[in-house]
Amino acid sequence: MTAVPTIHRRRFFAPLSRVVGGDKLVTAALALLALLIVAAAFAPLIAPHDPDAVDLSATLSGSTPEHLLGADQSGRDVLSRLIFGARTGLLGPLIVVIVSTVLGMLIGVTAAWHGGVVDSVLSRAMELIFSFPALLLAIILVAVFGVGLTAPVIAMSVAYAPYVGRLARSVALQEKTRPYIQAYRVQGWSGWVICVKHLLPNIAPLVLAQSAINFGYALMDLAALSFLGFGVQPPTADWGAMINEGAPSLLQGAMLPALAPGVAIVITVVAFSIVGESIADRVARREQ
C-alpha cells in the first residue's frame, strides 16, 4: 500500500493560532474588532439612549455629558446610533464575506481540480464578473428588488466571489501537485473526499486572509450604498445612512453627526485590513 505523506495542514494553520504574534498593531486591531462585535451584540444594553428617540432641545448639540458625541439634526444621540449602527454595519459585510467565500472556494477549487474546459469556463465567468462594477450591479438589483439591505448584499456577494475564487484556484493548483494528493489518488480516494478533507483545509488560511480584507471593502461599499439611499433606510441606524443624514449639518458647524460614523467606518476597515494582511504574511513566511 502506498504510504500517504504527512499532510501539511499544521504548517498552514499554526500561524492562525499566533496571529497576534506580539505585534501591537495587530493586537490593537483585534481588540478593536472584538469591541465592535460586543457593542453590536449588546447594543440595547450599552447604548445610553434609544437611537430613535428625538430630543429637539438637543438638536445639533456638541459633546455634552448627556450626549458624549453630540446629537444629530433630529436631536437623536449620535453615540447610541453609532453603537446600533454597528449591527447593520457588520451584519451586511459578514453575510457578503460568508457567501462570497463559500462561492469563491467552490468555484476556485472546482476549476483547479478539473482543469481543462471546466477551468476555462469558470475562469472566464469570474473575469466577466470582475468587469462589471459591484456598485452598479447593486444599484441594478435595488431597482429590481427595492431598497434595503438584501439587494446590496446579494450583489456584493456575487461581486466579491471572484476575488476569493481566483485566490482559491491559484493556491489549489499548487496544492494539487503535492505528493499527498497524488498518494490519495493512487489509493482510490475520490476527488470530492480529497478536496473536502485535505485540499480545502490547507488553502483555508490564505482564503481567510483575503476574506478579512474583503470584509473591510464590503463594509465600505455597503455604507456607500446606504449613503446614496440604496441600502439601509432611515430611521434605522446605519453608518452610511448616518453620514448622509449628518452631511447637511456640516454647513451649520456640527461635525460629529457625519464625522463619527465616517471615522468608525475608516477605523473598522483598517482594522480588518491589518488582521488580513497579518494572516497572509505569516502564512507566506511559513511556506518559505
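UniProt positions are given here in the numbering of this chain, feature names are shortened, and annotations may be inferred rather than shown by experiment. With that in mind, let us walk through this predicted model.

**The chain as a whole**

The chain holds eleven helices and zero strands, so its pattern along the sequence is simply α repeated, α-α-α-α-α-α-α-α-α-α-α. Along its principal axes, the C-alpha trace spans about 80 × 45 × 25 Å. Of the 288 residues, 44% count as buried. Among contacts between residues at least 6 apart in sequence, 73% join residues at least 24 apart. The accessible surface comes to about 14000 Å², with 69% of that belonging to carbon and sulfur atoms.

**Annotated segments**

The unreviewed UniProt entry places the feature "transmembrane region" at residues 25-47, 90-114, 134-160, 215-234 and 254-276. Here is how the model looks over two of these stretches:

| Segment | Helix | Strand | Distance between end C-alpha atoms |
|---|---|---|---|
| Residues 25-47 | 91% | 0% | 27 Å |
| Residues 90-114 | 100% | 0% | 36 Å |

**A nonpolar patch and helix α4**

On the surface, L91, L94, I95, I98, V99, V102 and L103 form a nonpolar patch, and together they have about 550 Å² of accessible area. One of these residues, V102, sits in helix α4, which runs over residues 78-114. V102 counts as exposed because its relative accessibility is 54%, and the cut-off for exposed is over 50%.

**A buried alanine in α7**

A168 belongs to helix α7 and offers a contrast to V102: A168 counts as buried because its relative accessibility is 0%. Leaving aside residues up to four places away in sequence, A168 touches G104, M105, G108, I203 and V207. The C-alpha atoms of A168 and T110 are 9.5 Å apart, although 58 residues separate the two along the chain.

**The two sides of α8**

Helix α8 covers residues 179-186, and its buried residues are Y180, I181, A183 and Y184. These four lie on the same side of α8 because they cover an arc of only 160° around the axis. The face turned away from that buried side carries the exposed residues P179 and V186. What covers the buried residues of α8? The cover includes α4, α7 (150-176) and α9 (191-228). After α8 comes G188, which has a positive phi, near 90°.

Technical notes:
Residues are numbered from 1 along each chain as its sequence is written. This is a predicted model: local features need pLDDT of at least 70, side-chain atom pairs count only at pLDDT 80 or more; totals for chains, interfaces and linings use all residues. Side-chain values use heavy atoms; hydrogens and water are left out. Patches are made of residues with over 30% relative accessible area and no salt bridge: like charges are joined within 9 Å, nonpolar side chains (Val, Leu, Ile, Met, Phe, Trp, Tyr) within 5 Å. Accessible areas come from the Shrake-Rupley method with a 1.4 Å probe; for residues, only the protein chains shown count as cover. A salt bridge is a side-chain nitrogen of Lys or Arg within 4 Å of a carboxyl oxygen of Asp or Glu. Buried means under 20% relative accessible area, exposed over 50%, partly exposed in between (1.4 Å probe, protein chains only). The arc is that of the directions from the helix axis to the C-beta atoms. Contact means heavy atoms within 4.5 Å.
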